[in-house]
Amino acid sequence: MSVLIFAEAKNGNYKKNAFEAVYYGSQLASAIGTEAFVFTIGDGANAADLGKYGASKIWFNNAQAKTDSQVVSAMVAQAAEKAEATHVVLSNSALGKAVAGRIAVKLDASLVSGANALPIGNTVTKGVFSGKAIASFEMSGDKHVISLMGNSLKPVETGSSGIPEAIELDIPQTKLKVIETKTVDGVVPLPEAELVVSAGRGMKGPENWGIIEDLANVLGATTACSRPVADTGWRPHHEHVGQTGVAIRPNLYIAAGISGAIQHLAGVNSSKTIVVINKDPEAPFFKAADYGVLGDLFDVVPRLTEAIKKFKA
Amino acid sequence: MNLLVCISKTPETTAKISFIEDNSKFNTEGVQYIMNPYDEWYALVRAIELKEKHGGKVIAMNVGPASNDIIIRKALAIGADEAVRVDAEPDSSMFVAKQIANYAQENAIDIVFCGKETIDYNGSEVASITAEMLDLPFVSYASKMEFDGTTATIERDIEGGVEVVQVEKPFVLSASKGLAEQRIPNMKGIMMAKRKPLNVVEAVGHDSKSKLLSYTMPQGKQEVKMIDPENMDELVRLLHEEAKVI
Ligand SMILES: Cc1cc2nc3c(=O)[nH]c(=O)nc-3n(C[C@H](O)[C@H](O)[C@H](O)COP(=O)(O)OP(=O)(O)OC[C@H]3O[C@@H](n4cnc5c(N)ncnc54)[C@H](O)[C@@H]3O)c2cc1C
Ligand SMILES: Nc1ncnc2c1ncn2[C@@H]1O[C@H](COP(=O)(O)O)[C@@H](O)[C@H]1O
């Protein structure tokens with residue numbers, strides 16, 4: 001018996017979501033009195049550190065098609081069988097979402113995606129209705145696939161680094177040809193960001209975004225926006241958060257010039273702390289905020305940037 | 001070419017969320033339902049565009065009770081050629097996917113279109129499970145798609161960017177924002193929809209391993225603390241000492 005964790009590598013490196021998954025899996029393993037095994041795709045070079053979050057074994061296989069759900073799910077399912085895993089844990093990332101269902105079918109397992117806490121017995125919870133409620137699911141059968149919502153727990157180093165071992169797997173031929181991958185370098189992607197600075201129509205136009213970027217830079221935050229801002233092309237559409245955009249749950253969400261429409265809130269109301277900057281005292285966003293600043297964002301935002309600079313110095 | 005578009009219904013985005021029967025059921029009273037935006041705005045419209053260019057037909061499929069017919073008719077009004085409803089109250093993504101996979105297999109479907117996720121349960125599960133049941137490639141979160149009749153070149157959203165992939169039909173895709181431009185049904189479409197076939201079929205059995213037990217509401221927020229706009233040092237202090245987020 002074991003818990004098998006699929007740790008996702010990005011360009012050969014491991015990020016927060018991989019450490020969270022390993023820590024979650026190892027906590028789950030100790031709760032049910034078994035071991036945590038990690039499986040990862042890559043050459044194993046940076047995989048040793050995964051052990052620090054409580055894994056007793058680290059397996060790797062350097063398959064070519066690292067983003068094809070057909071290939072990845074086949075590999076993870078085989079690793080799970082080899083580990084005689086009762087549970088497979090992975091992150092609820094773009095790749096995690098594409099493979100979780102496939103793995104559950106292959107293993108004839110129950111599936112809960114986007115879990116926000118460790119299971120208690122066979123019950124596990126997740127956010128539903130865009131974070132407006134939490135649902136408990138009962139998992140039956142003897143195998144379970146759980147994907148973990150980012151930022152649900154803080155990974156703690158409980159073990160030591162292990163020596164990654166290569167494993168042989170039967171890898172299916174990929175039917176997807178990757179032509180190109182375009183990512184913005186040096187920026188933490190929104191779903192993984194702990195600090196987010198977001199702005200809306202109150203900005204008046206794209207040429208004013210400099211003050212938002214300055215604030216994000218001093219904080220080391222990722223930028224986001226409301227839907228009309230993305231729809232009118234003021235900002236790239238991957239920055240659009242909300243019910244029909246990206247759903248996020250950072251530690252800090254700063255919203256400037258966003259009214260706080262219910263569809264916007266749906267994507268951000270799970271943030272730990274919300275700061276709202278708006279010149280309208282009736283803006284609905286104030287009701288969802290922890291801290292509110294009533295004022296003109298063109299004054300307030302630069303002032304906040306200066307205050308943070310001072311604090312960091 | 002047969003294009004299957006899976007459509008689901010979801011509470012209208014401003015609907016009040018509450019629960020009944022010991023918090024075990026969603027309270028549907030007074031709730032208006034809409035077609036899931038990802039299914040309607042992106043998946044369905046792109047499928048219709050492909051049919052307009054390459055021929056074939058667009059079939060809208062829903063797993064749900066008869067009260068969903070109004071949403072299915074809307075898909076027909078937007079431009080689907082026919083529809084099928086699997087008459088069942090779905091209890092899990094596995095159940096829904098099983099119905100879709102079964103229908104796709106029996107009806108020689110070339111591309112299965114799903115939405116990125118339903119905006120109520122935020123599962124993002126059905127498309128991945130369906131693809132596995134059909135043993136087909138799956139392209140998730142497609143935000144752009146070119147298709148030459150055999151091979152599709154698809155841009156899909158990944159964390160912080162996009163990945164461009166090529167795949168040959170048959171395959172399964174899930175649609176995210178950008179794949180198409182929303183179409184509003186016109187009068188002619190609405191009239192024609194009444195005459196288009198909506199077939200009701202029985203569900204194939206499936207026993208679900210994940211069961212929804214109950215709901216809870218997250219703890220309410222405390223009253224907002226208003227900060228003097230002249231005193232941003234105070235806000236920074238609170239974020240550091242009280243909220244402990246910086
Ligand atoms: C089905 C559906 C899905 C949707 N999904 C989403 C979604 O995913 N995400 C999303 O964001 N929206 C979504 N929307 C749109 C949503 O309803 C709102 O229209 C949108 O969020 C409003 O954007 P905004 O707050 O930037 O603009 P507005 O509502 O125009 O608000 C601008 C705010 O800026 C303030 N302001 C103006 N000038 C200043 C200044 N100088 N200083 C300080 N404050 C100022 C104003 O007081 C106002 O509160 C959806 C709508 C529908 C119908
Ligand atoms: N009851 C249903 N009937 C038909 N298609 C569905 C149903 N539920 C979900 N889908 C499809 O699966 C997609 C993803 O749903 P989900 O996995 O629930 O987030 C939706 O956007 C639809 O395309």
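## A sheet shared by two chains

What is the order of the strands in the open sheet of 6 strands? In this predicted model, the order reads β14(A)-β13(A)-β15(A)-β16(A)-β17(A)-β15(B), and the pairing is parallel. Chain A therefore sits beside a strand of chain B in this sheet, as strands of a sheet pair through backbone hydrogen bonds, either parallel or antiparallel. At the edges are β14 of chain A, residues 222–225, and β15 of chain B, residues 225–227, and each of these pairs on one side only. On average, neighbouring strands are turned by 20° against each other, direction ignored.

One pair can be followed in more detail. Strand β16 of chain A covers residues 273–278, strand β17 of chain A covers residues 291–294, and 4 bridges join the two as they run parallel. Within this part of the sheet, A:Val275 stands opposite A:Tyr291 of β17(A).

## Helices on the sheet

Helix α4 of chain A, residues 210–219, packs on the sheet and touches three strands of chain A: β13 (195–199), β14 and β15 (252–256). The direction of α4 makes about 175° with that of β13(A).

Helix α8 of chain A, residues 297–312, lies across β15, β16 and β17 of chain A. Relative to β16(A), helix α8 runs at about 135°.

## Ligand 1, between the chains

Where does ligand 1 lie? Ligand 1 is placed between chains A and B. There are 28 residues around ligand 1, and those that come nearest are A:Ser226, A:Thr244, A:Ser259, A:Gln263 and A:Asn278. By class, this shell has 7 nonpolar, 15 polar and 6 charged residues.

Several polar pairs can be picked out in the viewer. A polar backbone atom of A:Arg201 is 2.8 Å from an oxygen atom of ligand 1, while an N or O atom in the side chain of A:Lys204 is 3.1 Å from a nitrogen atom of the ligand. At A:Leu297, a backbone N or O atom lies 2.9 Å from a nitrogen atom of ligand 1. Taken alone, ligand 1 exposes 990 Å², of which the protein buries 80%. The elements giving two or more residues to the shell are α5 (227–231), α6 (262–268) and α8, which belong to chain A.

## Ligand 2, with chain B

Which residues are closest to ligand 2? Of the 17 residues that surround ligand 2, the closest are B:Cys6, B:Asp39, B:Thr118, B:Ser124 and B:Glu125. The shell has 7 nonpolar, 7 polar and 3 charged residues.

An N or O atom in the side chain of B:Asp39 is 2.5 Å from an oxygen atom of ligand 2. B:Ser124 has a polar backbone atom 2.8 Å from an oxygen atom of the ligand, and B:Ile7 has a backbone N or O atom 3.3 Å from a nitrogen atom of ligand 2. The protein buries 93% of the 480 Å² that ligand 2 exposes when taken alone. Two elements of chain B, β6 (57–64) and β8 (111–115), give two or more residues to this shell, and the largest share, 3 residues, comes from β6(B).

## Backbone details in the loops

A few loops are worth a look too. The peptide bond from B:Lys169 to B:Pro170 is cis, with omega near 0°, and B:Pro170 lies in the loop between β11 (161–168) and β12 (171–175) of chain B.

A:Asn151, in the loop between β10 (144–148) and β11 (165–166) of chain A, has a positive phi, near 65°. For B:Ala108, phi is also positive, near 45°; this residue is found in the loop between α3 (93–106) and β8 of chain B.

Notes. Residues numbered from 1 in each chain as written. Chains lettered and ligands numbered in written order. Predicted model: local features only at pLDDT ≥ 70, side-chain atom pairs only at ≥ 80, totals over all residues. Heavy atoms only, no water. Pairing = 2+ DSSP bridges. Helix = DSSP H or I, 4+ residues; strand = E, 2+ residues; numbered from the N terminus. Axes fitted to C-alpha atoms, helices over the stretch in contact; angles between N-to-C directions. Contact = heavy atoms within 4.5 Å. Near = heavy atom within 4 Å. Polar contact = N/O pair within 3.5 Å; in protein donor to acceptor, adjacent residues only side chain to side chain. Areas by Shrake-Rupley, 256 points an atom, 1.4 Å probe, with all protein chains shown as cover. Nonpolar A, V, L, I, M, F, W, Y, C, P; charged D, E, K, R; others polar.
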